[in-house]
Amino acid sequence: MNETFNNFQLIDHPLVKKDITVLRDKNTNCEMFRAAVSRLSNIIAVNLSTNFKLSEIDVETPLEKTGGHELAQEIVVVPVLRAGLGMVTGFLQIMPDAKVGHIGLERDEKTLHPVEYYFKTPDNLVDHEIVLVDPMLATGGSASAAITFLKNHGAKNVIFACIVAAPIGINRLMKDHPDVKIFGAALDRELNDKGYILPGLGDAGDRTFGTL
């Protein structure tokens with residue numbers, strides 16, 4: 001795969017590769033699947049937060065006053081329902097003070113276009129760092145639509161986090177939202193004629209919630 005994606009950061013780590021393999025295995029049950037998604041979300045959260053802005057504060061240790069830091073902006077983690085819910089716990093373990101919003105999008109199986117059915121986020125998104133999470137970046141239609149919804153509600157700083165991405169989805173986000181950085185744990189080959197990522201890991205929502 002020789003394409004260059006300026007906005008996409010592949011998180012290349014031995015523990016990531018191990019858990020991606022767990023997710024790909026068709027024999028992995030939903031309990032193991034959820035656990036692997038959560039572990040991967042921990043690692044992705046650490047990597048994408050590297051450039052978060054900090055404010056300096058004073059703190060009292062048991063011995064003296066010293067300098068410290070706190071995040072300069074509040075964080076909002078926004079899962080795309082329903083598969084994105086599987087990533088929330090992993091992110092909140094790393095960002096425990098984060099707020100959580102929700103975007104509900106369904107993919108029309110004929111057109112492959114996203115259809116919105118739910119949207120709820122905190123107010124004043126302009127003042128927050130928004131992390132949109134969805135395990136699969138396939139066609140990019142749902143992710144692009146979700147980012148558009150967030151921007152229409154005032155979001156200025158949006159990051160997209162996924163577990164598996166396909167080139168067509170990355171290209172779609174780079175075209176529609178060139179300001180949005182994308183973080184992922186695996187870059188797969190292509191989509192099949194039904195819009196599923198190959199080699200992929202199947203339907204992340206069904207495998208997370210045991211609704212196969």
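Here are three short exercises with worked solutions on a predicted model.

Before you start, note that residues are numbered from 1 along each chain as its sequence is written. In this predicted model, local features need pLDDT of at least 70 and side-chain atom pairs count only at pLDDT 80 or more, while totals for chains, interfaces and linings use all residues, and side-chain values use heavy atoms, with hydrogens and water left out.

**Exercise 1. Find which residues of helix α1 are buried, and what they pack against.**

Step 1. Locate α1 at residues 14-24; helices (H or I, at least four residues) and strands (E, at least two) are DSSP runs, numbered from the N terminus.

Step 2. Pick out the buried residues (under 20% relative accessible area, with exposed over 50% and partly exposed in between; 1.4 Å probe, protein chains only). They are Val-16, Asp-19, Ile-20, Val-22 and Leu-23.

Step 3. Look down the axis of α1: the buried residues fall within an arc of 155 degrees, so they line one face of the helix. The arc is that of the directions from the helix axis to the C-beta atoms.

Step 4. Turn to the face away from the buried side, where Pro-14, Lys-17 and Thr-21 are exposed.

Step 5. Follow the contacts (heavy atoms within 4.5 Å). The buried residues of α1 pack against α2 (30-48), β11 (164-165), β13 (186-187) and α6 (204-209).

**Exercise 2. Compare the span of α2 with the expected one, and find the residue that caps its N-terminal end.**

Step 1. Take the 19 residues of α2 and the 26 Å from its first C-alpha to its last.

Step 2. Set this beside the 27 Å expected at 1.5 Å a residue: the two are close. The expected span is 1.5 Å times one less than the number of residues.

Step 3. Go to the N-terminal end of α2, which Asn-29 caps: one of its side-chain oxygens lies 3.2 Å from the backbone nitrogen of Glu-31.

**Exercise 3. Describe the setting of strand β8 and name its pairing partners.**

Step 1. Check burial: six of the six residues of β8 are buried, so the strand is largely enclosed by the rest of the structure.

Step 2. Sort the side chains by direction. His-128, Ile-130 and Leu-132 point one way, and Glu-129, Val-131 and Val-133 the other. In a regular strand the side chains alternate between the two faces of the sheet.

Step 3. Look for pairing (at least two bridges between two strands, as found by DSSP). β8 pairs in the parallel sense with β4 (residues 74-81) over six bridges, and with β10 over five.

Step 4. Place two of the partners: Ile-75 has Glu-129 as its bridge partner in β8, while Val-133 stands opposite Ala-161 in β10.

Methods
Polar contact = N/O pair within 3.5 Å; in protein donor to acceptor, adjacent residues only side chain to side chain.
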